[in-house]
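Here are three short exercises to work through with the model open beside you. Try each task before you read its solution.

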Amino acid sequence: MWMDPHSPPRRRVLQGVAGLAAAALGPRPLAAATAPAPLLKPIPATGEAIPAVGMGTWITFNVAPFTDARTQRVEVLRAFFEGGGRLVDSSPMYGLAEAAVGHCREKLGGAPQMFAATKVWTPTRIAGVAQMNLSFKLWGLATFDLMQVHNLLDWEAHLPTLKDWKEQKRLRYLGVTTSHGRRHDEMLELIKSQPDFDFVQFSYSIGDREAEERLLPEAAARRKAVIINRPFRTGELFERVAGKPLPAWAGEIGCAAWSQFFLKFVVSHPAVTCAIPATSSVEHMRENMAALRGPMPDAAQRRRMAEYFDRIAG
């Protein structure tokens, strides 16, 4: 079930319990959210390092041109970059999102720091070529950093094109995605059998840890970069902790809000390269990007985080 990032559950958590926790930990000035030196994680195929918190665009950037909503998305993306972010993920599946990203990128002067990631989401090679060429136009780019096959749709047909375009330097990395826990068996087989995919993307969160059993270990063993979608389970995690306090020890891992608690749990996993929460709120974006900084939980602390969440979230 999707929840708007402005919906009451997250807002109640932010203004209530998490606000008390933040007060207990001391004020977090805006400068902390825009400070340099975020947590960087390497892409195994090359060693290139990218910030561990990126930005998704599903629903949140599906906004029409010539509207206040699109103008506001420019400020969301600005806050993302100011917070140290780079990887922006989209898809033709997301309606007007790619066009909105292209508009925002233009308004921000080209956003050279952007690590641009999108997807091909259509059957047949010919349709895929047309769709990807449109994505180049919508984003205003000559090269994509990452092109992914969305939900594994006809990946066998698209892979020759992706490999050819990578050779031509139109694409820097290749990937494949799934979400909602669907098709994990097929994703696992691709991780094992397809060396041409540099990235894999799937769902993982403190409330949905199934990927720890097979996907994350296999991705690490096969040296795949891992992008995590739905790190908040599209807002469900905020509903589950509404009215509940952060643990007293949250400050030990630099968390002043539940969003940071959830994100640090995800990006601190050794196999995870980047998580891509989505938001249409500048305030929430700054809060999310603060998860890039400060101490990160180790393995013992991650177990403690999961146990605490399980105990209070029901």
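Two strands count as paired if DSSP finds at least two bridges between them. Keep in mind that this is a predicted model.

**Exercise 1: the sheet**

Task: Work out which strands stand at the edges of the sheet.

Solution:
1. Start with the order, which is S3-S4-S5-S6-S7-S8-S9-S10 in an open sheet of 8 strands with parallel pairing.
2. Now look at the edges: S3 (55-56) and S10 (274-275) each have a single partner strand, so one side of each lacks a neighbour in the sheet.
3. For a pair inside that order, take S8 (residues 199-203) and S9 (residues 225-229), which are joined in the parallel sense over 5 bridges. Among the residues involved, Gln201 has Ile227 in S9 as its bridge partner.

**Exercise 2: a helix and its cover**

Task: Find how many residues of helix H12 are buried, and which they are.

Solution:
1. H12 spans residues 282-289, and 6 of its 8 residues are buried, so by the cut-off each of those has under 20% relative accessible area.
2. The buried ones are Val282, His284, Met285, Glu287, Asn288 and Met289.
3. Finish at the start of H12, where a side-chain oxygen of Ser281 comes to within 3.3 Å of the backbone nitrogen of Glu283.

**Exercise 3: the cysteines**

Task: Count the disulfides, then decide whether Cys255 is buried or exposed.

Solution:
1. With a cut-off of 2.5 Å between cysteine sulfur atoms, the count is 0 disulfides.
2. Cys255 has a relative accessible area of 0%, so Cys255 is buried.
3. Cys274 is buried too, with a relative accessible area of 0%.

Conventions: Residues numbered from 1 in each chain as written. Predicted model: local features only at pLDDT ≥ 70, side-chain atom pairs only at ≥ 80, totals over all residues. Heavy atoms only, no water. Buried < 20%, exposed > 50% of the residue type's maximum accessible area, 1.4 Å probe, protein only. Helix = DSSP H or I, 4+ residues; strand = E, 2+ residues; numbered from the N terminus. Polar contact = N/O pair within 3.5 Å; in protein donor to acceptor, adjacent residues only side chain to side chain.
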